[in-house]
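I opened a fresh notebook page for this structure. My plan is to look up a few places one by one and write down what I find.

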Amino acid sequence: MTENKISFAVVVVTYGSFGRWAGLKKTISSAFDAGAVKVYLIDNGCDYDLKAEISQLFEGRVEYQRYAKNQGSLKGFKSGIMLALNDEFLQPDNYILILDDDVMLDNHFLPSFCKIKKSLIDVDKYVWSLYRVGRDKTVDARYDRNKNYYLNNVAGFSAFRRFSRVYTNRPDEFGRPFFIPWAGTFAKKSAFTTIKLPVSPYFVYEDDAEFSMNIRNANYKILRSYDLKLNEGSQSWFEKKGKQQSGYKLFYENKADLGRFLYKVRNSVYLSKKYLVTNNFLFYSNIVAFVILGYIRYGMFKRNNWSSLKLLCSAIRDGLKGHLGENRTWKL
């Protein structure tokens, strides 16, 4: 395979109602338009006949696997990755790109990557994270958050960051994010066979954060080029008109499905305790501050505030004890 003949396949996970089909169709079409040779699609409990829709538009180009019930993001993405890894059609030097069902790959992705790849010597030891235009709020032209930013934190909150050096200046034009989402992860098939996939039953949220740590543990570096882009087709549950809102605020105001916030907090507590705690006093102090300050600012005068607070404390306790998996009382 020459520098100008890079071959890549795409893994996509989708779920939900027929309302998501229009975005999914654009995602798959954009992947093929950008040069993908194959798409591995995981139907994670869709309530419509997705296979029939796929057959009409992409017959023979999409490998399809269905779960009758949503198995969560981790099982969905792992299943898609394993389809690609077990497919002899893909060679070890071929690439795998992971996408959500509401993003569109830039048409110039492949020539842009070929150009960037030529500027790097140790190309086999990188995992790339595509830039999610409009979604990534951590981008800065000069520096990236480093591991210190996340030590002893709870769902991104820490009262002690000002005492540590939490940013690292960039030596070149490439970003070096510490955590990356599943969507936009791009690496050779041989890399995916080396990097351990998460095994903890997160269900949703933070499984991609553990995978990010596994990437480093396998001695791969994570890079981001802002010339390799994903265009968003929707916005996150905590966004409104392109602006981020506090998940805490939405939680206490019951303006979003409560499960999203609870899964995020529970799994973040679990991940931090397992991988990112260097000082138990700081970690548990952050938990206390996270609960109290969030309640004072957003929950104190809200209706049903005590029941919401109890739900949050229960989620944190589950995270500390490692009680993960799907909680059927938490609506997504």
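The entries below go from the sheets to a helix pair and then to some loop residues.

**Entry 1: what kind of model**

I note at the start that this is a predicted model.

**Entry 2: the seven-stranded sheet**

I looked up the strand order first. The sheet is open, has 7 strands and reads E3-E2-E1-E4-E10-E6-E11. Its pairing is mixed. Which strands stand at the edges? They are E3 (62–67) and E11 (221–223). Each has a single partner strand, so one side of each is left without a neighbour in the sheet. I also looked up the twist. On average, neighbouring strands here are turned by 20° against each other, direction ignored.

Next I followed the pairs. E1 (residues 8–14) and E2 (residues 39–44) run parallel and are joined by 5 bridges. I picked out one bridge: Thr14 has Asp43 of E2 as its partner. E1 also runs parallel to E4, again through 5 bridges. There, Val11 is partnered with Ile98 of E4. Between E4 and E10 (residues 185–188) the direction is antiparallel, with 3 bridges. In that pair, Leu97 stands opposite Phe186 of E10.

I then looked for a helix against this sheet. Helix H2 (residues 50–58) lies across E1, E2 and E3. H2 runs at about 175° to E3.

**Entry 3: strand E4 up close**

How many residues of E4 (residues 95–99) are buried? I get 5 of the 5, so the strand is largely enclosed by the rest of the structure. I checked which way the side chains go. Tyr95, Leu97 and Leu99 point one way, Ile96 and Ile98 the other way, and all are buried.

**Entry 4: the three-stranded sheet**

I turned to the sheet ordered E5-E12-E7. This one is open too, with 3 strands and mixed pairing. E5 and E7 stand at the edges with a single partner strand each, so one side of each is left without a neighbour in the sheet. The average turn between neighbouring strands is 35° here, direction ignored.

E5 (residues 103–105) is antiparallel to E12, with 3 bridges between them. I wrote down two partners: Met104 goes with Asn231, and Leu105 goes with Leu230. E7 (residues 131–133) pairs with E12 in the parallel sense, over 3 bridges. On that side, Val133 stands opposite Asn231.

Which side chains of E12 (residues 229–232) are buried? Leu230 and Glu232 are, and they point to one face. Lys229 and Asn231 point to the other face and are not buried.

**Entry 5: helices H9 and H11**

I noted how such a pair is described: two packed helices are given by the angle between their axes and the distance between the axes. For H9 (residues 258–276) and H11 (residues 305–321), the angle is about 35° and the axes are 7 Å apart. The crossing is right-handed.

I listed the residues that make the contact. H9 brings Leu258, Phe261, Leu262, Val265, Arg266, Val269, Tyr270 and Lys273. H11 brings Leu311, Leu312, Ala315, Ile316, Asp318, Gly319 and Leu320. By type, the contact holds 11 nonpolar, 1 polar and 3 charged residues.

**Entry 6: two positive phi values**

Where does Asn152 lie? I found Asn152 in the loop between helix H5 (147–150) and strand E9 (167–169). Its phi is positive, about 60°, although Asn152 is not a glycine. Asn152 is buried, with a relative accessible area of 5%.

Glu206 also has a positive phi, near 75°, and is a residue other than glycine. Glu206 sits in the loop between helix H6 (189–194) and helix H7 (207–217). Is Glu206 buried or exposed? Glu206 is buried, at a relative accessible area of 8%.

**Entry 7: Asn153**

Last, I looked up Asn153, in the loop between H5 and E9. Asn153 counts as buried, at 4% relative accessibility. Its side chain reaches the backbone oxygen of Tyr150 at 2.3 Å.

What does Asn153 touch, not counting residues up to four places away in sequence? I wrote down Ser158, Arg161, Ser268, Ser272, Leu276, Phe283 and Asn286. I also took one distance: the C-alpha atoms of Asn153 and Arg176 are separated by 20 Å, and the two residues are 23 residues apart along the chain.

Conventions. Residues numbered from 1 in each chain as written. Predicted model: local features only at pLDDT ≥ 70, side-chain atom pairs only at ≥ 80, totals over all residues. Heavy atoms only, no water. Helix = DSSP H or I, 4+ residues; strand = E, 2+ residues; numbered from the N terminus. Buried < 20%, exposed > 50% of the residue type's maximum accessible area, 1.4 Å probe, protein only. Axes fitted to C-alpha atoms, helices over the stretch in contact; angles between N-to-C directions. Left-handed = near helix turned anticlockwise from the far one by under 90°. Contact = heavy atoms within 4.5 Å. Nonpolar A, V, L, I, M, F, W, Y, C, P; charged D, E, K, R; others polar. Pairing = 2+ DSSP bridges. Polar contact = N/O pair within 3.5 Å; in protein donor to acceptor, adjacent residues only side chain to side chain.
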